[in-house]
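Dear colleague,

I am passing the structure below on to you, together with an account of what was found in it. Please keep it open beside the sequence while you read.

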Amino acid sequence: MKPHVVDVTQDDFESVVLHGSQQTPVLVDFWADWCAPCKQLAPVLESLAEEYQGAFLLAKVDTEANQMLSAQVGVRSLPTVLLVKEGQVVDHFMGALPEGEIREFLNKHIEAPAVDGMTLANELMSEGDLEGAVEAFKALVEADPDNHDAYLGLAEALEQQGQFDDALAIVTRLPEEFSDNPVVQRLNAQAQLQDLVEDAPSLSECEIRFEQNPDDPETQYFLAARRAQAGQLDLAIEQLIELVRHHRDYRDDGARLLLLKLFELLGKEHPAVRAGRRRLATVLN
């Protein structure tokens, strides 16, 4: 069971819920194993209990195992959820409400914990809400212009939105100590790769040409460069290694030289570089 979630029976209901709610509000979830809406509601309540970091305790009551308690409380349908404060039921709801409505229910009675700005911004990133993440990171850097971690997050969010130039402008202003950061290395590598293939077709055009003629070394070369720019490093390295294997003379060993340039830009500690160097060495031997 999670730290802020407990199973309660008729034996400890009074101590955990009635007495315990004198110090901390208790949200009591009456459920049963056969109840589908109960199973739908349970993970939402448990997630909120963890999010609220102890602002309330979630007490779960299995009505099948505690029929007398359920009857005493007056449970008529499942799921039934009671909010108990200072030993008294102050509010309740029935059914599997949407998460947003449950938040509104809780916030009427319980103060939600303050969410750390970086945590919120990173959560928005992980959820794929890039627009929200950009706004959250911007708010952080406006509040603290020396928050370099927020600048890095902003650059990564902008990069994922396709705003490469804006992302690069941010990382180029960061202190030298951030030069080994993966986001900085990736953006700098993309910038230099752009110079190398300035006249190359777009990534989508390269992919179309590759489908039409996969053995053409120039198509393979430009496709690898564009893939590296797009962050598809494993695919790019694989493409260039195959070029070294089968077309060593193309551009006077151009595939190997581009590979080495890519390794240099990414840094020797980058996992794709370590694996790529081993594969290149195997091909050359």
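To begin with the crossing of two helices, helix 6 passes helix 7 in a left-handed crossing. Please bear in mind throughout that this is a predicted model. The axes of helix 6, which covers residues 130-143, and helix 7, which covers residues 148-160, come within 9 Å and cross at roughly 155°. Since angles over 145 degrees count as roughly antiparallel, helix 6 and helix 7 are therefore roughly antiparallel to each other. On the side of helix 6 the contact is made by Leu-130, Ala-133, Val-134, Phe-137, Lys-138, Leu-140 and Val-141, and on the side of helix 7 by Ala-150, Tyr-151, Gly-153, Leu-154, Ala-157, Leu-158 and Gln-160. Sorted by class, the residues in this contact of helix 6 with helix 7 are 11 nonpolar, 2 polar and 1 charged.

A second left-handed crossing is found where helix 10 passes helix 11. Helix 10 (residues 203-212) packs against helix 11 (residues 217-229) at an angle of about 145°, and their axes are 9 Å apart. Here Leu-203, Cys-206, Glu-207, Arg-209 and Phe-210 of helix 10 meet Thr-219, Gln-220, Phe-222, Leu-223, Arg-226 and Arg-227 of helix 11. In terms of class, the contact of helix 10 with helix 11 has 5 nonpolar, 2 polar and 4 charged residues. Phe-222 also appears in another setting, for ring pairs link it with Tyr-221 and Tyr-250 into a cluster. In the whole structure, the search finds 4 aromatic pairs.

The third helix pair is formed by helix 12 (residues 233-246) and helix 14 (residues 271-284), which pack at an angle of about 10° with their axes 10 Å apart. As angles under 35 degrees count as roughly parallel, helix 12 is roughly parallel to helix 14. The crossing in which helix 12 passes helix 14 is right-handed. From helix 12 the contact takes Leu-233, Asp-234, Ile-237, Glu-238, Ile-241, Glu-242, Val-244 and Arg-245, and from helix 14 it takes Ala-272, Gly-276, Arg-279, Leu-280, Val-283 and Leu-284. The residues of this contact of helix 12 with helix 14 are divided into 8 nonpolar, 1 polar and 5 charged.

Turning to the strands, there is an open sheet of 5 strands in the order 1-3-2-4-5, and its pairing is mixed. Strand 1 (5-7) and strand 5 (88-94) stand at the edges with a single partner strand each, so one side of each has no neighbour in the sheet. From one strand to the next, the twist averages 25°. Strand 1 and strand 3 (residues 57-62) run parallel and are joined by 3 bridges, and Asp-7 has Lys-60 in strand 3 as its bridge partner. Helix 4 (residues 99-107) packs on the sheet, where it touches strand 2 (26-31), strand 4 (80-85) and strand 5, and its direction makes about 170° with that of strand 5.

Two points in the backbone may also be worth a look when you go through the loops. The peptide bond from Leu-78 to Pro-79 is cis, with omega near -10°, and Pro-79 lies in the loop between helix 3 (67-73) and strand 4. Arg-251, a residue other than glycine, has a positive phi, with a value near 55°, and Arg-251 is located in the loop between helix 12 and helix 13 (254-266).

With best regards

How values were computed: Residues numbered from 1 in each chain as written. Predicted model: local features only at pLDDT ≥ 70, side-chain atom pairs only at ≥ 80, totals over all residues. Heavy atoms only, no water. Axes fitted to C-alpha atoms, helices over the stretch in contact; angles between N-to-C directions. Helix = DSSP H or I, 4+ residues; strand = E, 2+ residues; numbered from the N terminus. Parallel < 35°, antiparallel > 145°, perpendicular 65-115°, else oblique. Left-handed = near helix turned anticlockwise from the far one by under 90°. Contact = heavy atoms within 4.5 Å. Nonpolar A, V, L, I, M, F, W, Y, C, P; charged D, E, K, R; others polar. Phe/Tyr/Trp six-rings, centres within 6.5 Å; stacked < 30°, edge-to-face > 60°. Pairing = 2+ DSSP bridges.
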